[in-house]
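Please read the points below beside the sequence and the structure. They are meant for someone who has not seen this model before.

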Amino acid sequence: MKVIWNSEIVERSEVRIDPEDRGYQFGDGIYEVIRAYNKQYFCLDEHIDRFYSSASKIEMHIPYSKEELKELLNRLLVETGVHTGNVYLQMTRGISSPRNHMYPDAAVLPMLTGTMTSVERDADQMSKGIATIVTEDIRWLKCDIKMISLLGNIMVKHEAHKRNAEEAILHRDGIVTECSSSNVAIVKDGKIWTHPDGNLILPGITKIVWKKCAEKLGYPVIEKPFSLDDLYDADEVFCSSTTIEVMPVCKIGNNVLFDQVPGQVTMALQKAYLHEIEKQCGKLK
Ligand SMILES: Cc1ncc(COP(=O)(O)O)c(C=O)c1O
């Protein structure tokens, strides 16, 4: 399978990563996951903008223009022949040899890699929903940066897995922030609540899209912190991310939210989200 390696598209077996690459040693890097449907990226500009924003928050210079990055990603899509899938794009701060915490000087080039995977939409899961657990948000205080050091996210995801759930809903002192790999929202009396953007959550691209859908459908979106009590008292709960789109939550711990059919608001958002995909990428089969 072809992959992006710096400014080129090469066979995966040709890629060489130095053991002193800062991504490998410090987790010093950023990434994006972008979905493609019908051989076209969805929300590509928004993802590229966030990639640049993450880079600037850690003072990392991207030695490519946004157009060059888009061109590389589009070539990858063509050369891999993937129809529906996810691209994982990562940039690390390059090599510090010998190992040194200090940022290297500007002459050290970052390391860019991008891999593409075929992944179908999981319509079945989208109607059945996912089981979740609630656990403490143990991550650092700059969760707005889409960075590759994901140990905190991985640990809570693993906890969810051990408790037979797909996702971990996180809280800080009783305030719900987001999930291990998605944003979370609750619906109460026809209104949608979600944590405001800021340093405690990742500003989701999927969230931008479903907020636009909610506005069109006439559901008010309240971007204010809400508590664990609000979560347990919600009519509906859903998670959102590039890979799972708008995903209903059917269970929180032992609390069952629905058995067969997700809530009305969540289903309306799913439908409207699909419409947004089809507007950009063409009709899905
Ligand atoms: C911690 C976290 N929050 C939110 C999201 C959702 O972001 P997006 O909708 O841009 O995929 C993700 C996606 O991976 C994530 O890892």
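**Notes on the two domains and the ligand site**

1. In this predicted model, the centres of domain 1 and domain 2, taken over C-alpha atoms, are 26 Å apart. The domain assignment gives 2-120 as domain 1 and 124-281 as domain 2. Domain 1 puts 27 residues into the contact, and domain 2 puts in 20 residues.

2. On the area of the interface: about 2000 Å² is buried between domain 1 and domain 2, and carbon and sulfur atoms give 62% of this. Of the area that domain 1 buries against domain 2, 33% is supplied by Tyr 31, Phe 42 and Arg 50, more than by any other three residues. Arg 50 should be kept in mind for the ligand, since the name returns in point 5.

3. On polar links: the rule finds one salt bridge across the interface of domain 1 and domain 2. A salt bridge joins the side chains of Lys 57 and Asp 144, with 3.0 Å from N to O. Lys 57 falls within α2 (44-57), and Asp 144 falls within the bounds of domain 2 (124-281). Nine residue pairs, both members at pLDDT 80 or more, are in polar contact across the interface.

4. Which elements give two or more residues to the side of domain 1 that touches domain 2? They are the helices α1 (22-26) and α2 (44-57), together with the strands β3 (29-37), β4 (40-41) and β5 (85-92). The largest share, eight residues, comes from β3. By type, this side of domain 1 has 11 nonpolar, 10 polar and six charged residues.

5. On the ligand: 17 residues lie around it, and those that come nearest are Arg 50, Glu 178, Ile 205, Thr 206 and Thr 242. Arg 50 is also one of the three residues named for the buried area of domain 1.

6. Which distances separate the ligand from the side chains of Thr 206 and Thr 242? For Thr 206, an N or O atom of the side chain is 2.6 Å from an oxygen atom of the ligand. For Thr 242, the distance from a side-chain N or O atom to a ligand oxygen atom is 2.6 Å. Lys 146 has a polar side-chain atom 3.2 Å from an oxygen atom of the ligand.

7. Two backbone details in domain 1 deserve a check by eye. The peptide bond from Ser 97 to Pro 98 is cis, its omega being near 0 degrees. Pro 98 sits in the loop between β5 and β6 (111-118). Cys 43 is not a glycine, yet has a positive phi of about 60 degrees. Cys 43 is placed in the loop between β4 and α2.

Methods:
Residues numbered from 1 in each chain as written. Predicted model: local features only at pLDDT ≥ 70, side-chain atom pairs only at ≥ 80, totals over all residues. Heavy atoms only, no water. Domains from an automatic or database assignment. Contact = heavy atoms within 4.5 Å. Buried area = accessible area lost by both parts, 1.4 Å probe. Salt bridge = Lys/Arg side-chain N within 4 Å of Asp/Glu carboxyl O. Polar contact = N/O pair within 3.5 Å; in protein donor to acceptor, adjacent residues only side chain to side chain. Helix = DSSP H or I, 4+ residues; strand = E, 2+ residues; numbered from the N terminus. Nonpolar A, V, L, I, M, F, W, Y, C, P; charged D, E, K, R; others polar. Near = heavy atom within 4 Å.
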